[in-house]
Amino acid sequence: MPTHHRILSLVFSEFEALDLFGPLGVIVPRSDYYTVEFVNLHHFVSPQGIETSIKNGLGIVGTISLAEALREDHSFDTLFIPGGFGVMPLVWDPMLLQRIGQLVDRAPNVFTVCTGSILLAATGRLDGRRATTNKRLYDEVTPKHPGVKWQKSARWVHDGKFLTSSGVTAGIDAGMAFIAHTYVAPEDRQSHPETQKASASGDATSIPGYNEDKAVQFAQMTAFGLEYRWHSDPNDDPFVDLPTFNGSS
């Protein structure tokens, strides 16, 4: 396994800030193993230009163009797709979906948050797989992709190479699960220089040097260092049903 695990993150107009910064903020700065590049979906030729998150005005500048990411010699280990209202117009762009699908096929691992799962589903690559997405939009958007085995009650779902999570903070819990499934300890990296292979059919592939006990321990240590209580059971989902509030706010 290379000494770094390279994450390729898609960014677009009106992404949800917590979907992006929550999981990646947990994963990338906490070790010397993970790196990240941001692919601006609205600039095929140049990555320049700020994509702005809805409501709060937080912006991010793409570090690589989609055209560069699609080059055969540009390798990466995980494709990360955040959610947000900006996903909705993207699912109607067949050329863009084709290009995202090419990235999905080349990715050994795919991690989505919230409506990022809908963008992934629109490529057709989730058909036949179990997955989850945002609870508040679940009944509206999931019927449009009947080939996916949608799971409403789940903080996250891991099926094959796909890790899909529910909305917003569920992405942080899934980020911890991502570490537990992908982290390779320093002492195991140099002795296993092989690259993880990607399955175009969506199956999981082995990560050279991966040790589950070490990876889970590192995820737990990361959560403790962040003073974060990791909900490590993906089926422990208290947000399935919308609560009923009495009285006016």
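Guide: Let's start with the vocabulary: helices and strands here are DSSP runs, numbered from the N terminus, with at least four residues for a helix and at least two for a strand. One thing to keep in mind is that this is a predicted model.

Visitor: Okay, let me try one residue. Where does Ser53 lie?

Guide: Ser53 lies in a loop, with strand 3 (50–52) on one side and strand 4 (59–61) on the other.

Visitor: Is Ser53 buried or exposed?

Guide: For that you need a cut-off: buried means under 20% relative accessible area, and exposed means over 50%. Ser53 has 2% relative accessibility, so it counts as buried.

Visitor: Which residues does Ser53 touch?

Guide: Skip residues up to four places away in sequence, and you find Glu14, Phe15, Glu16, Ala17 and Leu58. You can also check a distance: Ser53 and Leu20 are 33 residues apart along the chain, and 9.7 Å separates their C-alpha atoms.

Visitor: Let me try another loop residue. Where is His42, and why does His42 count as partly exposed?

Guide: His42 belongs to the loop between strand 2 (34–40) and strand 3. Its relative accessibility is 39%, so it counts as partly exposed. Leave aside its neighbours within four places in sequence, and His42 is in contact with Phe12, Ser13, Glu51 and Leu90. As for Ala121, which is 79 residues apart from His42 along the chain, the two C-alpha atoms are separated by 20 Å.

Visitor: On to helices. How do I read which way the residues of a helix point?

Guide: Here's the general idea: an α-helix has 3.6 residues a turn, so residues three or four places apart point the same way. Now look at helix 4 (residues 94–106), where Leu96, Leu97, Ile100, Gly101, Leu103 and Val104 are buried. Looking down the axis of helix 4, you'd see these buried residues fall within an arc of 160°, so they line one face of the helix.

Visitor: What span should helix 4 have?

Guide: Its 13 residues, at 1.5 Å a residue, should span 18 Å. The end C-alpha atoms of helix 4 are 19 Å apart, which agrees.

Visitor: Which residues does Ile100 touch?

Guide: Ile100 is found in helix 4, and it counts as buried because its relative accessibility is 0%. Not counting residues up to four places away in sequence, Ile100 touches Leu10, Leu41, Leu79, Leu119 and Thr123. Try Ala122 too: it is 22 residues apart from Ile100 along the chain, with 9.7 Å between the C-alpha atoms.

Visitor: Thr123 came up there. Where does Thr123 lie?

Guide: Find the loop between helix 5 (116–122) and strand 8 (130–131), and Thr123 is in it. With 11% relative accessibility, Thr123 counts as buried. Outside its neighbours within four places in sequence, Thr123 is in contact with Leu97, Ile100 and Gly101.

Visitor: Now pairs of helices. At what angle do helix 1 and helix 7 cross?

Guide: To read a crossing, look at the axes, then the handedness, then the residues that meet. The axes of helix 1 (residues 17–27) and helix 7 (residues 170–182) cross at roughly 35° and come within 8 Å. That crossing is right-handed. On the helix 1 side the contact is made by Leu18, Gly22, Pro23, Val26 and Ile27, and on the helix 7 side by Gly171, Ile172, Gly175, Met176, Phe178 and Ile179. Sort this contact by class and you get eight nonpolar, three polar and no charged residues.

Visitor: And at what angle do helix 7 and helix 9 cross?

Guide: Roughly 150°, with the axes of helix 7 and helix 9 (residues 212–225) coming within 7 Å. Helix 7 passes helix 9 in a right-handed crossing. Helix 7 brings Met176, Ile179 and Ala180, which meet Ala215, Val216, Phe218, Ala219, Thr222 and Ala223 of helix 9. The classes in this contact are eight nonpolar, one polar and no charged.

Visitor: Last topic, backbone angles. What is phi of Cys114?

Guide: Phi of Cys114 is near 60°, a positive value in a residue other than glycine. Cys114 sits in the loop between strand 7 (109–113) and helix 5, and at 7% relative accessibility it counts as buried. Val168 also isn't glycine, and its phi has a positive value, near 40°. Look for Val168 in the loop between strand 11 (162–165) and helix 7. Val168 counts as partly exposed because its relative accessibility is 35%.

Methods: Residues are numbered from 1 along each chain as its sequence is written. This is a predicted model: local features need pLDDT of at least 70, side-chain atom pairs count only at pLDDT 80 or more; totals for chains, interfaces and linings use all residues. Side-chain values use heavy atoms; hydrogens and water are left out. Axes are lines fitted to C-alpha atoms, for helices over the stretch in contact, and angles run from 0 to 180 degrees between N-to-C directions. A crossing is left-handed if the near helix is turned anticlockwise from the far one by less than a right angle, and right-handed if clockwise. Contact means heavy atoms within 4.5 Å. Ala, Val, Leu, Ile, Met, Phe, Trp, Tyr, Cys and Pro count as nonpolar, Asp, Glu, Lys and Arg as charged, and the others, Gly among them, as polar. Buried means under 20% relative accessible area, exposed over 50%, partly exposed in between (1.4 Å probe, protein chains only). The expected span of a helix is 1.5 Å times one less than its number of residues. The arc is that of the directions from the helix axis to the C-beta atoms.
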